[in-house]
Amino acid sequence: MNYIQLKDVSKYWGTTKAVENLNIEIKKGEFVIFLGPSGCGKSTTLRLIAGLEEVSSGQIEIDGTNVNNTDPANRNVSMVFQSYALFPHLNVAENIIFGLKVRKVEKNERNARLVKVAEIVGLEDLLMRKPSELSGGQRQRVAIARALVNDPSIILADEPTGNLDSKTSYGIMDLFTELHNRGNTIIMVTHEEDIAAYSKR
Ligand code: ADP
């Protein structure tokens with residue numbers, strides 16, 4: 001069965017057609033990359049799946065359910081952005097568990113999840129640092145850990161390597177490959193062919 005399905009999805013802003021009659025079928029556990037030039041509608045498609053934008057027409061289904069009117073928080077997706085979007089005044093650990101605190105997840109559970117994701121992304125020794133004391137690649141690892149800590153079934157990543165040099169980018173791609181091997185369904189957007197090609201090694 002298809003896990004994520006877009007049926008004739010379009011998104012318009014006035015006369016701008018960002019996405020037109022798009023049909024996509026993604027299976028559970030797939031690692032999918034949207035590759036294309038700037039402005040072709042990749043980010044918009046990702047944001048529509050996340051629920052950060054509403055479709056103009058068409059249907060988005062996740063796990064067999066139409067989610068057109070479902071809040072982002074209830075779609076079981078987590079998003080990673082090019083800009084990392086970390087809180088500068090919080091340390092790494094606090095950034096990672098911020099969403100769990102908001103959702104009033106109990107402290108022991110928060111700490112257990114923090115330890116687990118910090119190990120997966122390789123941040124165990126940096127938990128007390130502030131984002132300003134980290135490299136770009138380390139900041140993106142914090143953002144990925146923050147997405148993972150919610151235990152989402154789907155990870156959506158919008159140009160996650162866009163601000164990183166190529167060696168660091170490949171490190172982040174290795175991390176996504178590891179997450180894919182752990183069973184996550186991942187959709188990533190990039191306009192860089194070498195990044196997309198690297199994921200297919
Ligand atoms: P990509 O991710 O492939 O670079 P986008 O999905 O960001 O492309 O954008 C697709 C088109 O939609 C572009 O023409 C862009 O200018 C337009 N667009 C994106 N977001 C908005 C918005 N919030 N308002 C108006 N136009 C937008």
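Here is a short chat about the ligand shell and a few surface residues in this predicted model.

Biologist: Happy to start with the ligand: which element gives the most residues to the shell around it?

Modeller: The shell includes Trp13, Thr16, Ala18, Lys42, Ser43 and Thr44. Strand 2 and helix 1 (42–50) are the elements that give two or more residues to that shell. The one that gives the most, with 3 residues, is helix 1.

Biologist: Nice! Which residue places a polar side-chain atom 2.8 Å from an oxygen atom of the ligand?

Modeller: Let's sort the contacts by atom type. Cys40 has a backbone N or O atom 3.1 Å from a ligand oxygen, and Ser43 has a backbone N or O atom 2.8 Å from a ligand oxygen. The contact through a polar side-chain atom, at 2.8 Å, belongs to Lys42.

Biologist: And how much of the ligand does the protein bury?

Modeller: Taken alone, the ligand exposes 560 Å². The share of that area buried by the protein is 60%.

Biologist: Turning to the backbone, is Asn21 buried, partly exposed or exposed?

Modeller: Asn21 sits in strand 2 (residues 16–27) and has a positive phi of about 45° although it is not a glycine. Its relative accessibility is 49%, and exposed would need over 50%. Therefore Asn21 counts as partly exposed.

Biologist: Last one: where is Ala85 found?

Modeller: Ala85 also has a positive phi, near 55°, without being a glycine. Its relative accessible area is 41%, so Ala85 is partly exposed. Its place is the loop between strand 6 (77–81) and helix 2 (92–102).

Notes:
Residues numbered from 1 in each chain as written. Predicted model: local features only at pLDDT ≥ 70, side-chain atom pairs only at ≥ 80, totals over all residues. Heavy atoms only, no water. Helix = DSSP H or I, 4+ residues; strand = E, 2+ residues; numbered from the N terminus. Buried < 20%, exposed > 50% of the residue type's maximum accessible area, 1.4 Å probe, protein only. Near = heavy atom within 4 Å. Polar contact = N/O pair within 3.5 Å; in protein donor to acceptor, adjacent residues only side chain to side chain. Areas by Shrake-Rupley, 256 points an atom, 1.4 Å probe, with all protein chains shown as cover.
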